[in-house]
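I opened the structure today with a short list of things to look up. My notes follow in the order I took them.

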Amino acid sequence: MSAPSPFLFACCREGSEASLKADVLRRHGTLLTPAFMRPQLITWKARAPVDESFDLASPFARVSGLSLGPCKTDDDIAAKLVERSIRRVCLHVFPRVVPEDGGIDWSPLDAIRDRLAAALQKGGVTLDEAAEHVVSIVIDDKPDAPLFAGLRKRRAGDPLPSGGLPRIALPGDAPSRAWLKLEQALAWRGWDKLDLRGQTALDLGCAPGGASLALLDRGMKVIGVDTGDMDEAVLRHDSGGFRHLRIPLAKLDAMKLPSAVSLMLCDINLGPPEVLPHIARLCESIQATRLILTLKMNLPVYEKRLDEFVDFIRGFAPGPVIITQLAANRREVCVMAGGN
């Protein structure tokens, strides 16, 4: 009897299911056939052998891996791992349904993780945050639904937070959602742990100031570029570290800016073909240690050209270059470049 066909899974932001399916089809063709779909969770049946090292390589997949399928009991998870001779794992427990404002109640999820950790250890599986294998347990919004389990090997660009979901919510007094996108991007790369005090950031498309405020609160000096008005919380920040250049990106003279910045970020509501040449021009004169670029997918054709855009970014950006769709993104993706 032949072995059953393997399945893969991916979680994505609400509303990006169609984009994820189309992107996987472009990248993998007929190897993968869509199987099961719920909001923010998709599985595919593989027509050839794949294992937990297989990478969907789609920026629309916040987290992905080999599907272990629904598990009716906690002991089922340990049994499936032992069957694969996997005895040491990192355990991630996170919700299937994720609000874009980051407002997740983690208390019940942590209780489930503690319960599962005890079951895994009882079943002969050791928990280790640095383990090669990561087990993803996706918790449904229906209390009686079985646990969904996935498995992957760690790979370059993996998100550091569980399920790619930093425990960050949008504050009520934030000037814009750019605050949350910036904080999620920092956490994804582990840059939220850096001491950025006194360092300089260049914020392109800064108005009304969500990302600028987050950086000022981290002790950075911020040069903001935007023709729009800035929020008073930014203009009157206690640090006095904000400088506003009220000019369009196309007219920004790099020679009047610092020759080096710790972080360059861009969140402008224009398509990548319009924005990226200007970023490349600035990077010819300004040494940026890290980049965080929000690419607007406001035309369907831009999703098909994502690899082209990322290849262009690799031509001028510090490496490594990682692309993903953050939970707080909408019709856009986030490119992070540079190291620690």
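Why does the sulfur of C90 form no bond with the closest cysteine sulfur? I looked up the distance, keeping in mind that this is a predicted model. The closest cysteine sulfur belongs to C11, and it lies 15 Å from that of C90, which is too far for a bond. The cut-off for a disulfide is 2.5 Å between the sulfur atoms. I also checked the surroundings of C90. C90 counts as buried, at 1% relative accessibility.

C266 was next on my list. C266 takes part in no disulfide, and the nearest cysteine sulfur, in C283, is 10 Å away. C266 is buried too, with a relative accessibility of 3%. I then searched the whole structure and found zero disulfides.

**Entry: the sheet**

I traced the strand order. Eight strands make up an open sheet, and they run β2-β3-β1-β4-β8-β7-β5-β6. The pairing is mixed. At the edges sit β2 (32-38) and β6 (126-127), each of which pairs on one side only.

I picked β8 (residues 147-153) for a closer look. How many of the seven residues of β8 are buried? I count six, so that strand is mostly covered, given that buried means under 20% relative accessible area. On one flank, β4 (residues 63-71) is joined to β8 by five bridges, and the two run antiparallel. I noted one partner pair there: S67 with G150 of β8. β7 (residues 133-139) is joined to β8 by six bridges, also antiparallel. In that pairing V135 stands opposite L151.

S136 caught my eye in strand β7. Is S136 buried or exposed? It is buried, with a relative accessible area of 2%. I listed the contacts of S136 beyond four places in sequence. They are F9, V63, H92, F94, F148, A149, G150 and R152.

**Entry: the cores**

Nonpolar side chains tend to be buried together in soluble globular proteins. I looked for that here. The largest nonpolar core holds 51 residues. Which of its members touch the most others? I get L204, M264 and L295. Helix α7 (residues 272-285) gives this core its largest share, six residues. Another core lies apart from it, with 33 residues, including V63, V98, V135 and L151.

I followed L295 further. Past the neighbours within four places in sequence, L295 is in contact with P272, L276, L306, F309, I313, R331, E332, V333 and V335.

**Entry: the largest pocket**

I ended with the pocket search. The largest pocket holds about 530 Å³ of space. I find 27 residues lining it, and D55, A57, S58, A156 and I323 are the closest to its centre. Which element gives the most to this lining? That is α9, with five residues. β4, α9 (306-314) and β14 (321-324) each supply at least two residues of the lining.

**Recap for the bench**

I have two buried cysteines written down, C90 and C266. I have zero disulfides in the whole structure. I have β8 between β4 and β7 in the sheet order. For the pocket, I will keep α9 in my notes as the element that gives the most to the lining.

Terms used. Residues are numbered from 1 along each chain as its sequence is written. This is a predicted model: local features need pLDDT of at least 70, side-chain atom pairs count only at pLDDT 80 or more; totals for chains, interfaces and linings use all residues. Side-chain values use heavy atoms; hydrogens and water are left out. A nonpolar core is a set of buried Ala, Val, Leu, Ile, Met, Phe, Trp, Tyr and Cys residues joined through side-chain atoms within 4.5 Å. Buried means under 20% relative accessible area, exposed over 50%, partly exposed in between (1.4 Å probe, protein chains only). Helices (H or I, at least four residues) and strands (E, at least two) are DSSP runs, numbered from the N terminus. Contact means heavy atoms within 4.5 Å. Two strands pair if DSSP finds at least two bridges between them. On a 1 Å grid over the protein atoms alone, a cavity is a set of points where a 1.4 Å probe fits but cannot get out, and a pocket is an open set with protein on both sides within 12 Å along at least five of seven lines; lining residues have an atom within 4 Å of a point. Grid points are joined across faces, edges and corners, and a volume is the space filled by probe spheres set on the points.
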